Amino acid sequence: MEPLSWTGSIAFLNPLLFAALGLLAISILLWIIIGAVTPEERAITNAGGTLSLSAGPQGLAALAVRLTFLASAVILLAYLLLGLVMGTGAGIIGALSQQMLPVWIALVVLYAVSITFKRRLGLYGKLFDSPIGMIGFGLVMFWVFTGILGALDLIAPHDSVAQVSGMKNKLPGTPIPGASEDAGVAAWYLLGGDNLARDVFSRLIDGAWVVVQIAPLATLFAFMVGITLGLPAGYYGGRLDTFLSFLANLVLAFPVILLFYLLVTPEIVATGLPQYIAVVLFAFPLVFAGVLLHSRYRTRPQANMLWLALVLIPGFLGYMSLINEAGSKISFWPLDFFDVPGGILVVFVSVVFVNSPTVFRIVRGLTLDIKTRDYVAAAQTRGERPWYIMLWEILPNARGPLIVDFCLRIGYTTILLGTLGFFGLGLPPESPDWGSTINDGRKLLAIYLHPPLPPALALLSLVLGLNLLADGLREESLRD
């Protein structure tokens with residue numbers, strides 16, 4: 001079989017794309033220059049009493065940016081649609097487009113449902129009024145769906161750790177020796193082979209699942225710890241605030257990479273310290289859920305007991321399964337429903353431990369501000385208990401900044417995971433996570449560019465999407 005080119009039969013679109021991207025770059029440059037040298041455009045009053053902006057050079061430059069961006073997006077969409085129809089006939093891009101078909105379907109369904117019912121979906125629905133937020137959300141959900149569907153073996157054409165003889169460091173589109181065209185996409189290494197003759201595209205897909213598993217959950221656990229400690233610290237103040245702030249500052253005083261290195265080194269892991277830290281940190285979601293429900297249903301004993309049982313019993317079983325690992329320092333719980341690989345648990349604990357103090361300081365600062373509001377004083381006058389005020393009066397009114405920070409912190413966590421993998425810390429050597437893949441590929445970067453470039457671009461696009469999503473959420477939350 002012949003190797004696949006990048007665009008195959010749709011190569012006629014290449015000059016159009018290059019021209020559109022070139023014009024986009026020129027228009028952005030002109031927009032920046034004109035914005036720096038010309039005064040800000042002012043609104044003028046029309047005859048009917050309406051306001052409009054004068055069509056000056058800056059307005060024309062902004063219009064050019066929008067038009068060239070739209071033209072580039074249309075051409076990229078043409079690549080995608082033609083690739084879906086033609087498959088390998090459209091080269092590597094067509095094969096990738098067809099292989100990612102489940103992701104495209106999931107994205108279309110998600111956007112169609114969300115836009116249709118956006119007025120009923122609160123802040124999430126308002127996100128679709130922000131172009132920046134929609135782009136960021138699309139990038140994030142692309143990788144979320146890629147990770148989930150990849151874990152279900154619906155996307156990756158090869159095993160991420162399987163080695164094929166003769167495919168070491170082969171270029172993208174190289175056919176597998178002895179494969180027939182009846183094998184479909186699996187007959188090629190679409191993004192080439194790495195230095196161990198593994199499929200770069202399959203490792204990219206499986207690496208997305210590693211990120212989707214760890215980054216959001218670790219960030220969520222860090223928020224549970226930060227919220228549970230930050231609310232009472234800001235609300236009560238005094239010695240409790242001083243003590244908790246000292247502990248947070250003590251953790252933040254360590255360089256992040258050094259702290260990660262200390263937590264994931266084999267000697268520290270052998271002592272059981274990460275597991276002991278997990279026992280403490282992973283209990284906070286249970287504490288948070290218990291206090292949240294009890295403060296809400298305290299005056300209704302039957303409902304209170306029912307909700308506590310429904311939430312805390314499964315939560316406790318999951319908690320014990322999470323911290324219990326056969327053959328480790330903590331191995332006594334008989335009902336172990338799932339096993340977390342030791343390397344992933346250590347990385348998870350490290351990320352939660354590092355992020356929790358920062359979340360604590362944010363929640364504490366918001367609580368110090370919100371507790372002076374009139375509605376908090378009204379709740380105190382009604383005789384509400386402190387935890388009810390903290391969880392049902394203060395926390396809901398701090399949700400805007402916390403949601404934005406949550407999105408940004410997932411991005412920071414993704415970068416930290418990539419950094420750990422790059423340095424070979426925590427996760428096993430054969431792990432397809434993006435950091436490890438970049439580290440493996442950089443050793444021959446001067447000769448073979450294709451192994452480290454796809455995971456690096458994936459990491460960049462996910463973090464960019466999370467930042468754009470946070471900007472969109474911030475923009476919409478400020479309008480409330």
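In the predicted model, the largest pocket holds about 2,100 Å³ of space. Its lining comprises 45 residues, and those nearest the centre of the pocket are L76, L80, W104, L139 and F142. Seven helices are listed as giving two or more residues each to this lining: helix 1 (13-37), helix 2 (57-86), helix 3 (91-99), helix 4 (101-116), helix 6 (131-151), helix 7 (200-236) and helix 19 (453-477). Helix 2 accounts for the largest share, with ten residues. The lining of the largest pocket is made up of 38 nonpolar and seven polar residues, and charged residues are absent from it.

The pocket belongs to a protein of 480 residues, of which 45% are buried. Its secondary structure consists of 19 helices and four strands. Measured out along the principal axes, the C-alpha trace spans about 80 × 75 × 45 Å.Helix 19, one of the elements that contribute to the pocket lining, contains G465. G465 counts as buried because its relative accessibility is 0%, under the 20% cut-off. The C-alpha atom of G465 lies 34 Å from that of F316, a residue 149 positions away along the chain.

A nonpolar patch is present on the surface of the protein, formed by F243, F246, L247, L250, F254, L258, Y261 and L262. Together these residues have about 770 Å² of accessible area. Two helices, helix 8 (238-252) and helix 9 (256-264), each supply at least two residues of the patch. Helix 8 gives the most, with four residues. L247 is a member of the patch and is located in helix 8. The relative accessibility of L247 is 36%, so this residue is classed as partly exposed.

Eleven salt bridges occur in the structure. In one of them, the side chains of D194 and R203 meet with an N to O distance of 4.0 Å. Both partners are buried: D194 has a relative accessible area of 6%, and R203 has a relative accessibility of 1%. A further salt bridge joins D440 to R198, with the closest N and O atoms 3.7 Å apart. D440 lies in helix 18 (residues 434-442), whereas R198 lies in the loop between strand 4 and helix 7, so this pair ties together parts of the protein that are 242 residues apart in sequence. D440 is buried at 18% relative accessibility, and R198 is likewise buried, with a relative accessible area of 5%.

The salt bridge between D369 and R373 has its closest N and O atoms 2.8 Å apart. Here the partners are partly exposed, D369 with a relative accessible area of 40% and R373 with a relative accessibility of 36%. Through salt bridges with shared partners, D194, R198, R203 and D440 are joined into one network.

Two residues other than glycine were examined for their backbone conformation. N169 has a positive phi, near 60°. This residue is placed in the loop between helix 6 and strand 3 (174-175). With a relative accessible area of 9%, N169 falls under the 20% cut-off and is therefore buried. A197 also has a positive phi, near 65°. The loop that holds A197 runs between strand 4 (188-189) and helix 7, and R198 is found in the loop between these elements as well. A197 is buried, because its relative accessibility is 7%.

Several of these features involve helix 7 and its surroundings. Helix 7 (200-236) is among the elements that line the largest pocket, and the loop between strand 4 and helix 7 holds both A197 and R198. R198 takes part in the salt-bridge network together with D194, R203 and D440. Helix 6 (131-151) is likewise one of the elements that give two or more residues to the pocket lining, and the loop with N169 lies between helix 6 and strand 3.

Methods: Residues are numbered from 1 along each chain as its sequence is written. This is a predicted model: local features need pLDDT of at least 70, side-chain atom pairs count only at pLDDT 80 or more; totals for chains, interfaces and linings use all residues. Side-chain values use heavy atoms; hydrogens and water are left out. On a 1 Å grid over the protein atoms alone, a cavity is a set of points where a 1.4 Å probe fits but cannot get out, and a pocket is an open set with protein on both sides within 12 Å along at least five of seven lines; lining residues have an atom within 4 Å of a point. Grid points are joined across faces, edges and corners, and a volume is the space filled by probe spheres set on the points. Ala, Val, Leu, Ile, Met, Phe, Trp, Tyr, Cys and Pro count as nonpolar, Asp, Glu, Lys and Arg as charged, and the others, Gly among them, as polar. Patches are made of residues with over 30% relative accessible area and no salt bridge: like charges are joined within 9 Å, nonpolar side chains (Val, Leu, Ile, Met, Phe, Trp, Tyr) within 5 Å. Accessible areas come from the Shrake-Rupley method with a 1.4 Å probe; for residues, only the protein chains shown count as cover. Buried means under 20% relative accessible area, exposed over 50%, partly exposed in between (1.4 Å probe, protein chains only).
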